[in-house]
Amino acid sequence: MGAHSQARHQDRAKVTIDCTIDERAYIKMLAARAHMNLSEFILSYLRKDFPQEKPNKETMQAIKDTREGRTTRCESLEDFWDKMGVKPSAYN
């Protein structure tokens with residue numbers, strides 16, 4: 001193993017997942033079909049819920065709007081729903 005491989009390997013942790021032999025075989029087949037190893041395959045599903053380093057486009061726009069004073073002020077929850085176009089029957 002080269003120096004780069006060892007450094008990359010050292011910042012990893014092992015996780016054990018208990019499943020049946022058939023489940024493991026099925027997961028391996030799904031991973032192979034996606035051209036991934038087991039770790040890549042499982043992490044590809046989990047990473048969607050990981051915290052992001054950079055806010056997404058919608059959040060960045062909301063931050064910009066807030067800084068520039070483009071906000072909607074509401075006096076109450078009912079006022080908020082009214083300004084958002086939600087009918088009173090929807091929240092009663």
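A residue is called buried when its relative accessible area is under 20%, exposed when that value is over 50%, and partly exposed in between. With these cut-offs in hand, Tyr45, which has a relative accessible area of 49%, counts as partly exposed. The structure to which Tyr45 belongs is a predicted model, and the paragraphs below lead through it from the whole chain to single residues.

Taken as a whole, the chain has six helices and zero strands, and someone reading along the sequence meets the pattern α-α-α-α-α-α. Of its 92 residues, 3% count as buried. The accessible surface of the chain amounts to about 9,000 Å², and 54% of that surface belongs to carbon and sulfur atoms.

Helix 2, which covers residues 21–33, offers a simple check of geometry. At 1.5 Å a residue, its 13 residues should span 18 Å, and because the C-alpha atoms at its ends do lie 18 Å apart, the expected span and the one found in the model agree. Just after this helix comes His35, whose phi takes a positive value of about 60°, and this positive value occurs in a residue other than glycine. His35 is placed in the loop between helix 2 and helix 3. Its relative accessible area is 74%, and because the cut-off for exposed is over 50%, His35 counts as exposed.

Beyond that loop, helix 3 (residues 38–46) holds both Phe41 and Tyr45. By the rule used for ring pairs, the count comes to two aromatic pairs. Phe41 and Tyr45 form an aromatic pair with an edge-to-face arrangement, in which the ring centres are 5.3 Å apart and the planes stand at 75° to each other. Why might two side chains of one helix be placed to meet in this way? An α-helix has 3.6 residues a turn, so residues three or four places apart point the same way. Phe41 and Tyr45 are four residues apart in helix 3, and are therefore separated by about one helical turn. The two partners differ in their cover: Phe41, with a relative accessible area of 10%, is buried, whereas Tyr45, at 49%, is partly exposed.

Charged side chains make up the next part of the picture, and a search of the whole structure finds three salt bridges. In one of them, the side chains of Asp65 and Arg70 meet at 2.7 Å, N to O. Arg70 also meets the side chain of Glu68 in a salt bridge, here at 2.6 Å, N to O. Both Arg70, with a relative accessible area of 48%, and Glu68, at 44%, count as partly exposed.

Another salt bridge joins Asp79 with Lys83, the closest N and O atoms being 3.3 Å apart. Asp79 and Lys83 both lie in helix 5, four residues apart, which is about one turn of the helix. Is Asp79 buried or exposed? Its relative accessibility is 18%, and because the cut-off for buried is under 20%, Asp79 counts as buried. Its partner Lys83, by contrast, has a relative accessible area of 44% and is partly exposed. Returning to the bridges described before this one, Asp65, Glu68 and Arg70 are joined into one network by salt bridges that share partners.

Asp79 is worth following a little further. Helix 5, in which this residue is placed, covers residues 77–83. Leaving aside residues up to four places away in sequence, Asp79 touches Arg73 and Cys74. Cys74, one of these contacts, has a relative accessibility of 30% and so counts as partly exposed.

Cys74 leads to a final point, which concerns cysteines. A disulfide is a covalent bond between the sulfur atoms of two cysteines. How many disulfides does the structure hold? The number is zero. Cys19, like Cys74, falls between the two cut-offs: Cys19 has a relative accessible area of 36% and is therefore partly exposed, while the value for Cys74 is 30%.

Conventions:
Residues are numbered from 1 along each chain as its sequence is written. This is a predicted model: local features need pLDDT of at least 70, side-chain atom pairs count only at pLDDT 80 or more; totals for chains, interfaces and linings use all residues. Side-chain values use heavy atoms; hydrogens and water are left out. Helices (H or I, at least four residues) and strands (E, at least two) are DSSP runs, numbered from the N terminus. The expected span of a helix is 1.5 Å times one less than its number of residues. A disulfide is a pair of cysteine sulfur atoms within 2.5 Å. Buried means under 20% relative accessible area, exposed over 50%, partly exposed in between (1.4 Å probe, protein chains only). Contact means heavy atoms within 4.5 Å. Rings of Phe, Tyr and Trp (its six-membered ring) pair if their centres lie within 6.5 Å; planes under 30 degrees apart count as stacked, over 60 as edge-to-face and the rest as tilted. A salt bridge is a side-chain nitrogen of Lys or Arg within 4 Å of a carboxyl oxygen of Asp or Glu. Accessible areas come from the Shrake-Rupley method with a 1.4 Å probe; for residues, only the protein chains shown count as cover.
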